Amino acid sequence: MQPFVLYNSEQRKKVEFVPRVEGHIDMYVCGMTVYDYCHIGHARVMVAFDYIIRFLRSQGWQVKYVRNITDIDDKIIKRANENGETIQALTDRFIQAMNDDAHHLGCLDPDESPRATEYIDQMQSMIGTLVNKGAAYPADNGDVYFQVDQFAKYGRLSGRKLDDMQAGASERVDVEVEKKHPFDFVLWKHAKENEPFWNSPWGKGRPGWHIECSAMSTCCLGNHFDIHGGGSDLLFPHHENEIAQSEAATGEQYVNYWMHVGFINVDGEKMSKSLGNFFTIRDVMEKFHPEVIRYFIVSSHYRSPINFSDTALKEAKTTLTRFYHSFKAYQQVYADHSVDTLDENFVERFNVAMRDDFNTAEAIAVLFEINKELNRAVKEQQAEQAAVYYSTLHHLTNILGIVQHPVEEFLKSDIGQETLGLSEAEIKDLIQQRIDAKKAKDFAKADGIRQSLLEQGVVLEDTRQGTIWRRAD
């Protein structure tokens, strides 16, 4: 296993990863609150950690990947009441939808997917420990709050100082009279009328959002583990609060490395329902093949903000389709020829890029080079070289989870075949016209068809097995 570096949000810089246990990585990622279909921002988090884990495993690391499910929450209760259905029915339905979306995007299942409602006892135990240590307090209204000013390191992840945060807080924070400090956050919420509840030492109620992740992560991975990840929007207050309550309860460091995935903007603006630019994964899959969505996400560095638009997805589709056409061109000529040999120079360059904070943009640049060499070798009928490039490209695209569908299936799908202008049927018709023109010794017409196709991004290659075509690089 080669060392790698990653950007640690707490240190605000790239650092070399050092495992707690040699060869093993424990990773917890904050999952979804299941009251609606997953949106494109969720897709980015799912895909980013999927290709990170795929790469780490390809390097020989043993990775235990835990992604939680929040299945009790104010929004869930509200939506179930609006729909006139039980919370169980609502959350089961959207958990299934979430899993379906993830599978369409080519994501592997987490090793564990704990549901918050399965860990109520563990949450209550952690809250009890915090109360007993004086780090939390029950309020008169039945809520239990974490006392932020009792945790000296509060704000270390976000870089915020409690004194600075408190200045002017009355203008920005809803300050319940029961709180001792405006930034104290709820660990246990007393049950309102007609709300679901669990019995507890502090009365009937349910857990706060932050305590859920602390309890689930430490139960699945231990009090101290390697990597905690999620979207950038969770850094404060969610992850900040997780650190405070976990370390106050256990007395141990909670997490060694924090990873946060960048935002997705829509046509330059933050995605929100109020702006009318909110898209679920299912909305987008109606227009674009799910692997096009994945490629769009994979092609940008996971930490950088990216702009979501039809234009960006069309560009992703064009590039992804070129990889498929290169695979097709190889398979047309060398269907029965395969080798186990990889081009180690290209593999190492890919790995170097990925070991540098999972730099997929640089890794994909390597794939472009291999693709170009594959097309050249096929054109020049260099069977052995073509086979090595094909095997190498196939191996590396597998690590990123792209070019995973049968070639003809992808190219013929209604949403996969819209590529560079001409349809496959139109291209084949023009190739046949060119063949007929050559038979009739009308070479001017044959050359004209070749040039016309080239101008439309289609390259013809005459081989012993006949004419094959591909999209231009």
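The sulfur of C213 lies 3.7 Å from the closest cysteine sulfur, which belongs to C30, and this is too far for a bond. The model is a predicted one. A disulfide is a covalent bond between the sulfur atoms of two cysteines. Here such a pair is accepted when the sulfur atoms are within 2.5 Å, so the separation of 3.7 Å between C213 and C30 does not qualify.

Taken from the other side, C30 is in no disulfide, and its nearest cysteine sulfur is that of C213. The count for the structure comes to zero disulfides. Both cysteines are nevertheless shielded: C213 has a relative accessibility of 2% and counts as buried, and C30, with a relative accessible area of 6%, is buried as well.

The second topic is a helix pair. Two packed helices are described by the angle between their axes and the distance between the axes. Helix α12 spans residues 344-355 and helix α14 spans residues 383-400; their axes come within 10 Å and cross at roughly 20°. Because angles under 35 degrees count as roughly parallel, α12 is roughly parallel to α14. The crossing of these two helices is right-handed.

On the α12 side, the contact is made by F346, V347, F350 and M354. Helix α14 contributes Y389, T392, L396, I399 and L400. By residue class, the contact of α12 with α14 holds eight nonpolar residues, one polar residue and no charged residue. The polar one is T392, because Thr is absent from both the nonpolar and the charged groups.

Note on methods: Residues are numbered from 1 along each chain as its sequence is written. This is a predicted model: local features need pLDDT of at least 70, side-chain atom pairs count only at pLDDT 80 or more; totals for chains, interfaces and linings use all residues. Side-chain values use heavy atoms; hydrogens and water are left out. Axes are lines fitted to C-alpha atoms, for helices over the stretch in contact, and angles run from 0 to 180 degrees between N-to-C directions. Helices (H or I, at least four residues) and strands (E, at least two) are DSSP runs, numbered from the N terminus. Angles under 35 degrees count as roughly parallel, over 145 as roughly antiparallel, 65 to 115 as roughly perpendicular and the rest as oblique. A crossing is left-handed if the near helix is turned anticlockwise from the far one by less than a right angle, and right-handed if clockwise. Contact means heavy atoms within 4.5 Å. Buried means under 20% relative accessible area, exposed over 50%, partly exposed in between (1.4 Å probe, protein chains only).
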